Amino acid sequence: MPYLSYLKLNVSVYINIHAHSIASKAGDFVLPNCIVSKDYLFEQPCSAGIHPWYIDQNRDAQWEAFMQYAKKPQVLAIGECGLDKLTSTTWAIQAETFEKQLEIANQLNKPLIIHCVRAYHEVFVSLLRKEVQVPVIFHGYERNWPLAEQLLKNKNYYISLGAAIGKGKMDELIQQLPLDRLFLETDDKSTQISDIYAYFCRAKKLPTQQVEDQLLANFNRIFNYSIA
Ligand SMILES: [Zn+2]
C-alpha cells in the first residue's frame, strides 16, 4: 500500500471548533476564540470577534483592534459574535456591532461563529439583511430539532454542539442532525472534546471514526485551511 494511503486510513483527529483555551491533547485540533479587548490574539489558527457581553465603552478603539485581528491569516473565522437577550448590553449597540461584523466576514470571505441566546429570529434577519454569503456556524446550539431543521434549510448554515448534549435531553436532535452540517466544541467547559465526540456517537449510534472523518471533511470544506 502506498505510504500516503496508509497515512490517510489512520488519520484520526478530534476537531474542537470553538473553545476559550488552547489546551488540547496531541493530535486534536482546537480553534480557540479570541474575544477582542478581553483576550490576546492567539498565534495559532483561531477565531476572533466582538462578543455581545464584552462591547467596550470605547467602541471605536475596540473596532480598530477587531479590524487588525480579523485580517490576520491565523484568524480563520469571525466571531463569536451575535445577539443575546439575556445580557445587559443595549440592544441597539449589540445589533450594530453584530451587523458590522457580518459585513467584515463577507468582505474577508471568512466563516462566522455565532453566539445566539433567545434571538434566533433577530439573528436570521441580520444574516439576511447583510446578505451573508460565508458559512455560518451556530455555536453552542441547545435548542430543538424543528428549529435546527429550519436553520439547516440554508445550505451555508452549520450547528455546533457542546457539553450540554451530555445531559441527555438532546438525543432526538442528535439522531436527526445530518453529519455534514455538524461541528462539536467544548466552549468554556472543562469537558474533553473526546468525551463530547463519544457521547454524540453513542446517541447517534455511529462509529467514532465515521463522525471524525465527516467533521474533518466539514472543516476542510468551509475553511481555507488544511489540518495537517
Ligand atoms: Zn464561547
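I count two strands as paired if DSSP finds at least two bridges between them. The model I am reading is predicted.

**Sheet**

I looked up the strand order first. With that rule, 8 strands form an open sheet in the order 1-2-3-4-5-6-7-8, and the pairing is parallel. Strand 1 and strand 8 (182–184) are the edge strands, each pairing on one side only. From one strand to the next I get an average twist of 25°.

I then checked one pair. Strand 6 (residues 136–138) runs parallel to strand 7 (residues 157–161), with 3 bridges between them. I find Tyr-158 of strand 7 as the bridge partner of Ile-137.

**Helices on the sheet**

I see helix 3 (residues 91–108) packing on the sheet, where it touches strand 3, strand 4 and strand 5 (112–117). The direction of helix 3 makes about 155° with that of strand 4. Helix 2 (residues 59–70) lies across strand 2 (29–35), strand 3 (46–49) and strand 4, at about 145° to strand 4.

**Zinc site**

Which residues are the protein donors of the zinc ion? I find His-18 (NE2), His-20 (NE2), Glu-80 (OE) and Asp-187 (OD), at 2.1 to 2.2 Å from the ion. His-18 belongs to strand 1 (residues 15–19) and Glu-80 to strand 4 (residues 75–84), so this pair ties together parts 62 residues apart in sequence. I note both His-18 and Glu-80 as buried. The arrangement is irregular because the 4 donor atoms subtend angles of 85 to 176° around the zinc ion.

**Ile-227**

I located Ile-227 in the segment after helix 8 (208–222). Ile-227 counts as buried because its relative accessibility is 15%, under the 20% cut-off. Its contacts include Ile-15 and Phe-29. The C-alpha atoms of Ile-227 and Ile-15 are 9.4 Å apart, across 212 residues of chain.

Technical notes: Residues numbered from 1 in each chain as written. Predicted model: local features only at pLDDT ≥ 70, side-chain atom pairs only at ≥ 80, totals over all residues. Heavy atoms only, no water. Donors = N, O, S within 2.8 Å, 3.2 Å for Na, K, Ca; no water. Tetrahedral: all angles 85-135°; square planar, octahedral: opposite > 155°, others 65-115°. Helix = DSSP H or I, 4+ residues; strand = E, 2+ residues; numbered from the N terminus. Buried < 20%, exposed > 50% of the residue type's maximum accessible area, 1.4 Å probe, protein only. Contact = heavy atoms within 4.5 Å. Axes fitted to C-alpha atoms, helices over the stretch in contact; angles between N-to-C directions. Lists of a residue's contacts leave out its neighbours within four places in sequence.
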